[in-house]
Amino acid sequence: MNIIDRRINPKSKSLGNRQRFLRRARGHMRRVVHDAIRDGKVADVGKDGKVSIPTGGDLSEPTFQIDRETGKRFDVLPGNRHYQKGDRIRRPESGSGGRGNEGSADGDGEDPFTFLLRREEFLDLFFEDLELPNLVKKQLKKLDHKASSRAGFRSDGPPNRLNVTQTMRRSMARRIALGRPRQSTLDELVARHQQAIDDDDAKTAAQLEEEIRRLQRRQRQIPYLDDVDLRYDHFVPTPRPTTQAVMFCLMDTSASMTEDLKGLAKRFYILLHLFLQRHYRNVEIVFIRHTYTAAEVDEQTFFHGRDTGGTIVSSALDEMRKVIQRRYPVNDWNIYAAQASDGHNFHHDMPETMRRLQQEILPLCQYYAYIEVGDDLFQSDSVLWEAYQPLAAKEARFEIAKVAEASDIYSVFRSLFERNGTVSS
Amino acid sequence: MPDPLYTGPDWDFATLERIHDAIEPIAIDELGLDIYPNQIEVITSEQMLDAYTSTGMPMMYSHWSFGKNFAREEWLYRKGAQSLAYELVINSNPCVSYVMEENTTTMQALVIAHAAFGHNHFFKNNHVFQAWTHADSVLDDLSYAKRFIAAAGVRHGELAVERTLDAAHALMNYGVSKYATTRCSKRERERRLRARQEFDERNYDDLLHRTNPNTGDGSDRETKPKQPVEPLPLPEENLLEFLAEFAPRLEDWQREVLRIVARLSQYFYPQRQTKLMNEGCATFVHYHIMHRMYDRGLIDEGSMLEFLRSHTAVVAQPRFDQRNFSGINPYALGFAMMRDIQRICQRPEAEDREWFPEIAGCGDGMAVLRDAWRDYRDESFVLQFLSPRLIREMHLFAVSDNRRHPFLAVAAIHDEEGYRDIRRQLARSYDLAQREPEIEVIQADLKGNRHLVLRHRVRRGRLLTEETCNRTLRYIAKLWGYRVKLLELDAETGRELRKHEAVPEVTA
């Protein structure tokens, strides 16, 4: 008899089969993902969750079966309590007779197949064919910026890198080893020499003078600091991958932005956040709301705070620039921005807005998306849309889109981030 | 009294060994079991889930349907709707039993007694297993299948292989030549061996083929089916083998895929015929062994209670009108019948002497059981050994369901008049021919229009489910390459009741 421990065998042997199954179920899964977004359960998106898909079509495993609705059959059952031979029993409803119902004839009525879809798998489907704009390009350019880091000491270098401690330590060791007379010893001899002169002790004075001269000579021969003592700090540049991103959520919170419109914007932000999380190890969010002034606020205030006043978009851009300057050096952070608005802005602010956007914000950003939310009350283009449109055509990292309903969000998001050239079904 | 073999739920490998060594003499000397050498493998719950969602085999080729099963079972397991099997046992030599690491010591003892001795004996001795499976080569076959499917995937594309497997799986139950006198002739085994060698050689020679354009690669060419001897051996019920042999348009690797699935089908064929007996035998064995170990002081009272609790759950038989009823529990009926046979041999009543004159009072229940385990399958076993007393105890009754009538009718109950009816009907329900539609090839035109004609022998008016039938037929058409017809003919009158047809989809 053998006992073998198989627990150490490689895990997840079933993974290959699972992937084959998911590939097979792709069509259904896409619909599930789409529904999850449309039904407004965005907050739950990205958790492990159960998924039900129909088992018909591609996912069925047909075989020849006897139709229980036909012909004549006998069943032997246990647990008779009062039936006598010849008794008649009402035919049980399909499924309650105990043996479960078999596939129904219309084909589509099969039981939905329920299973647990893992977060990773969900997100894979969710973001299938999508790509971070400019990510590839930046990576090719070695987005990694280099930082100097200490790498010990070296024997030459610019004076400002001189490492005093290290240099002095070596100097001292050398002085002790070679027996360089200390200054204090010399001072003491000089004092005793003076004393001897004062005492008219010519012999001692001569001895001391001789001694002093010898020591002074030695001091000159053995310098206090020699070139060999010098040590300089050594820095080498090490590449540090930039795997963090900050996402700026800009939103007009003036009275014309209703809760509904804010809800639309929120969904977009959540999608963007999920998306960024897949590409960066660390994603931070900054919420900037604006009316005629702008301020950085927390999430709660951002979505639910009440504000009144006019709309000056450039104030938000200015605030964003300040936050970047203060906390998010461009070398270390990938910067994404999503601006949501109903499209209003004071006309006199437009030149300023465009200037800041083009000259200050866009050069810092990896990507800047403008989402116009609204219920299409106004057929004509809004102030912002009109001004942004030519810019969007020109700037690859600047995209604009309109969203009218929650169900649009996902497709708008997809169209903004879709891989160039490959349009998925 | 000796010290118990173990205390508490935690076990280590030495404990398992002690348990096995304590069980062995009981099984061999007292019960007279004859077993393959045992190999006990400890696995995790995930590995268990994995194994039994891919047909219960320890290694299996890849296919999406196993992933589907896994996803389903995992969901049920995680939400707590269903617990995992405690063990899994492979009909191989040595006999491999998988036990889960989460099991308590008592459960491990139960599992070892049940699988490593009960099932093991049944596998080695039952004539159906003897006739249809080769315990010595099962693991080799599986590993070959896995390698072949994987290599075919690389060579011909995963999707192409998947499509062929889909079609073959649809015919999973039609890969057995039931009435062949020897299920595997010497010639056939040689052919298989050759095919395998070729496969291996091809793999080794791959480089040569790829680098030398003049060699050509014969394996990818569409090959001609074997020129059939006239007339074709019809009717043929082994659809997979027939298609592998004669389908005009398959490539060689596809034929081999069909044969692999056919062999798998053959491996499961005995299991499908002996579920009741196999489980009954194993349950009887574990029950006896655990009691004997308790009698000898090898397991303590706490462990015994734990054992009884799970044993009772295993052999529970809900009444037909209870919510959790899902047919007759093979563990329950099998165990009850084994115990009943033992009783008839040792303490027969007048009724038993009348019904079972050959064995009643013979005294050696184990000998009778061992003979039964060797010579019967579920259908014949029930027909031979179901006693009136057990029918009464289980309150069995037979219901006839004729779709023409709005009511079901009680055909027989547990009384003098009904015993034989119930026994016959129950036995019949274990007959594979009753449970699965009987489909055969009756006509194949290999020279003219190349149509293939199948027949469903319709018994008592029970037709095929239209939808699944059409889908399965489309798979057959895909393999055959030309139009396929299925006639549903009444088994007695030969009258055509229904007709289905499928043509292969045109693929670009």
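This is a walk through a predicted two-chain model, with a suggestion at each stop for what to select next.

**Before you click**

Residues count from 1 along each chain as its sequence is written, while chains are lettered from A and ligands numbered from 1 in the order in which they are written. Because the model is predicted, local features need pLDDT of at least 70 and side-chain atom pairs count only at pLDDT 80 or more, though totals for chains, interfaces and linings use all residues.

**Stop 1: the two chains**

Colour by chain. Chain A carries 13 helices and 13 strands; these are DSSP runs numbered from the N terminus, with helices (H or I) of at least four residues and strands (E) of at least two. Of its 425 residues, 25% are buried, meaning that 20 or more other C-beta atoms lie within 10 Å of the residue's own (12 or fewer is exposed, in between is partly exposed, and C-beta atoms are placed from the backbone). Chain B has 19 helices and 9 strands, and 42% of its 508 residues count as buried.

**Stop 2: where A meets B**

Select the residues of each chain that touch the other one. You should get 58 residues of chain A in contact with 81 residues of chain B, where contact means C-beta atoms, placed from the backbone, within 7 Å. On the chain A side, the elements giving two or more residues are strand E1 (2-5), helix H1 (15-24), strand E3 (72-77), strand E4 (88-90) and strand E5 (112-117). That side of chain A splits into 18 nonpolar, 17 polar and 23 charged residues. In this count, Ala, Val, Leu, Ile, Met, Phe, Trp, Tyr, Cys and Pro are nonpolar, Asp, Glu, Lys and Arg are charged, and the others, Gly among them, are polar.

**Stop 3: E3 of chain A**

Now pick E3(A) along with strand E4 (residues 397-402) of chain B. The two run antiparallel and are joined by 6 bridges; strands pair if DSSP finds at least two bridges between them. To find your place, look for A:Phe74, which stands opposite B:Ser400 in E4(B). In E3(A), 5 of the 6 residues are buried, so the strand is largely enclosed by the rest of the structure.

**Stop 4: a sheet with strands from both chains**

Next, show E1(A) with E1, E3 and E2 of chain B. These 4 strands form an open, mixed sheet in the order E1(A)-E1(B)-E3(B)-E2(B). E1 of chain A and strand E2 (87-90) of chain B are the edges, each with a single partner strand, so one side of each has no neighbour in the sheet. Neighbouring strands here are turned by 20° against each other on average, direction ignored.

Zoom in on E2(B) and strand E3 (residues 95-100) of chain B, which pair in the antiparallel sense over 4 bridges. B:Glu87 has B:Val99 of E3(B) as its bridge partner. Then add helix H4 (residues 105-125) of chain B, lying across strand E1 (38-43), E2 and E3 of chain B and running at about 155° to E3(B). Such angles run from 0 to 180 degrees between N-to-C directions, and axes are lines fitted to C-alpha atoms, for helices over the stretch in contact.

**Stop 5: the six-strand sheet of chain A**

Move to chain A alone. Here 6 strands make an open sheet with mixed pairing, in the order E10-E9-E8-E11-E12-E13. Strand E10 (294-297) and strand E13 (398-403) of chain A sit at the edges with a single partner strand each, so one side of each is left without a neighbour in the sheet. Inside the sheet, strand E11 (residues 334-341) and strand E12 (residues 367-373) of chain A run parallel, joined by 6 bridges. A:Ala338 stands opposite A:Ala369 in E12(A).

**Stop 6: a helix pair in chain B**

Select helix H12 (residues 330-346) and helix H14 (residues 365-375) of chain B, which pack at an angle of about 135° with axes 8 Å apart. H12(B) brings B:Met338, B:Ile341, B:Gln342, B:Cys345 and B:Gln346 to the contact, and H14(B) brings B:Gly365, B:Val368, B:Leu369 and B:Ala372. That makes 6 nonpolar, 3 polar and no charged residues.

**Last stop: B:Ala316**

Finish in the loop between helix H11 (301-314) and H12 of chain B, where B:Ala316 lies. B:Ala316 is exposed, with 11 other C-beta atoms within 10 Å. Leaving aside neighbours within four places in sequence, B:Ala316 is in contact with B:Asn329 and B:Ala332. Draw a distance between the C-alpha atoms of B:Ala316 and B:Asn329: they are 13 residues apart along the chain and separated by 7.5 Å.

Note on methods:
Two residues are in contact if their C-beta atoms, placed from the backbone, lie within 7 Å.
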